[in-house]
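I opened my notebook to get to know a new structure, one small look-up at a time. Come along and read over my shoulder.

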Amino acid sequence: MDGEDLKILERVNPVFNTAKMCLYQLAMIGDKDAIAISEKLGLEKDETQNGTETAISEDQLKVSLAMMETRYRTMEAMEKAAGCRTIVDLPCGYTPRGIQLAGSGMNYVGLDLPATILEAEPVVLSLIEENNRKNVTYAGVDATNYGSLEKVLKDKEGPFCITTEGLLMYFTESETGVLCDNIRRILEKKGGCWIVADPESALQYVLTARLFFGDEFLKMMASSSQRVKEKADVEIGKSSLIIHPGAETPESMKKAMEFLAKYGLKAERLTVSDYMPDLTGQSPETTENLKKAMENCAYWKITVIPDLPTKTEEYRSREVSVSARLAGDFLSMIFNGRIDTLSAPDVLRAFENIQEGNKIRRIEIDCTGLEYISSAGLRVLLIMHKSAEDGLTLTGVKENVREILAQTGFESIFTVE
């Protein structure tokens, strides 16, 4: 894949930039494997830690480093305690977990956006001894596309410990639902559990920031959220599985548990302090204070509710097909299939090939055959909408796609007929 293809992948889903931020933070706390990966990728502090408009302060960085190491080391301890044969890291980002599990006798499967895997896989594998690479697998997937997940995981040995750090906060409600449905199906076949750090991540940030800076943490949290939003270029924390700290916590917790139950899943809260090891990037005193603070925060171990009748929404995982006709300055298109992280780059390429050398005033897309669209697909539609003087019109939109447009606010941006 050439540089232009990589740029396309970045444009349709820039959220992978936050993975470089996390890797560099691991390097800053002294993780030797993270340092090696960062050096091979040529990463620098300003590039990875600052948003497009908001720069990280030293105080914010101090909190971020403490939170990052707490999460990374605690998740590692929870993985071992789960006792599963295969670790499925979704999303794996650029972290060195594949290096650290190579040769352990366990299988490691790193799954992420294609743009991330294209960069991460060759670098990480180059740092693993050749005879230890056989149990390490990387693959580009879309977490909302069951077919892409099944293709990678069907021959892997169970039970699985699926881990998620920093994914759900970027997902819409509909994407979170499809992800839960997909993971339940995987666990039903392979056994095991899903360990998630995301639901109480905002609470973890509050507890960590308050420990360092008292009531000043409120300003810090607002700035940090803005910076992450700029790196990802998406709204964050819009899913029912994200717990809102403070007075809203009990209701948010109840709503999250009910949301999981709809998809045949249940959660056990694993208190962070029970699994958290000593931190190498913090003083012994700070580590002890963090452990005490983390008595009030948990990661979630999610399993299948046994013998519960569930309904699975099937989305055909074939790639999207696009046909287009340009008549003067009017572009008409027909979409069939699903537009997600895997297929969105193809849609953008098709549009920009037609757009090259032509002025497009109006775009109309027949969505009768469109089965599903993710945030990556919506991003492509927004690019198209902004490029046309009279914007974008969608016709023949199915009910499930219309719901996604409504949930994300895009129904008010495009003309939907």
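Before I start, one term: helices here are DSSP runs of H or I with at least four residues, numbered from the N terminus. I also note that this is a predicted model.

**Entry 1: helix 3**

I began just past the end of this helix. Right after helix 3, I found Gly42 with a positive phi of about 70°.

Then I looked at the other end. Asp31 caps the N-terminal end of helix 3. One of its side-chain oxygens lies 3.1 Å from the backbone nitrogen of Asp33.

Which residues of helix 3 are buried? I listed Asp33, Ala34, Ile37 and Ser38, in a helix that spans residues 32-41. These four lie on the same side of helix 3, because they cover an arc of only 135° around the axis. A reminder to myself: an α-helix has 3.6 residues a turn, so residues three or four places apart point the same way. On the other side of helix 3, I noted Lys32, Glu39 and Lys40 as exposed.

**Entry 2: Leu23 and its surroundings**

Next I looked up Leu23, which sits in helix 2 (residues 17-28). Is Leu23 buried or exposed? Leu23 is buried, as its relative accessible area is 0%.

I then asked what Leu23 touches, leaving out residues up to four places away in sequence. From helix 3, I recognised Ala34, Ile37 and Ser38, which are on the buried list and are also touched by Leu23. Leu23 touches Leu41, Leu43, Tyr94, Thr95 and Pro96 as well. For Pro96 I wrote down two separations: Leu23 and Pro96 are 73 residues apart in sequence, and their C-alpha atoms are 8.2 Å apart in space.

**Entry 3: cis peptide bonds**

I checked two peptide bonds that lead into prolines. Leu90 and Pro91 are joined by a cis peptide bond, with omega about 0°. Pro91 belongs to the loop between strand 1 (86-89) and helix 6 (97-101).

The bond from Gly158 to Pro159 is cis too, with omega near 0°. I found Pro159 in the loop between helix 8 (146-153) and strand 4 (160-164).

**Entry 4: a sheet and its helices**

What is the strand order of the open sheet of five strands? I read it as 8-9-10-11-12, with mixed pairing. Strand 8 and strand 12 (415-416) are the edge strands, each pairing on one side only. Helix 15 (residues 344-355) packs on this sheet and touches strand 8, strand 9 and strand 10 (362-373). The direction of helix 15 makes about 165° with that of strand 9. Helix 17 (residues 399-408) lies across strand 10, strand 11 (392-395) and strand 12, and runs at about 110° to strand 10.

I stayed a little longer with strand 8 (residues 321-327) and strand 9 (residues 330-339), which pair in the antiparallel sense over seven bridges. Leu326 has Leu331 as its bridge partner, and Ala327 has Phe330. The two strands form a hairpin with two residues between them. In that turn, Gly328 has a positive phi of about 65°.

**Entry 5: cysteines**

How many disulfides does the structure hold? I counted zero. I still looked up two cysteines: Cys180 is buried at a relative accessible area of 0%, and Cys297 counts as buried at 2%. Both values sit under the 20% cut-off for buried.

Notes. Residues numbered from 1 in each chain as written. Predicted model: local features only at pLDDT ≥ 70, side-chain atom pairs only at ≥ 80, totals over all residues. Heavy atoms only, no water. Disulfide = S-S within 2.5 Å. Buried < 20%, exposed > 50% of the residue type's maximum accessible area, 1.4 Å probe, protein only. Pairing = 2+ DSSP bridges. Arc of directions from axis to C-beta. Polar contact = N/O pair within 3.5 Å; in protein donor to acceptor, adjacent residues only side chain to side chain. Contact = heavy atoms within 4.5 Å. Axes fitted to C-alpha atoms, helices over the stretch in contact; angles between N-to-C directions.
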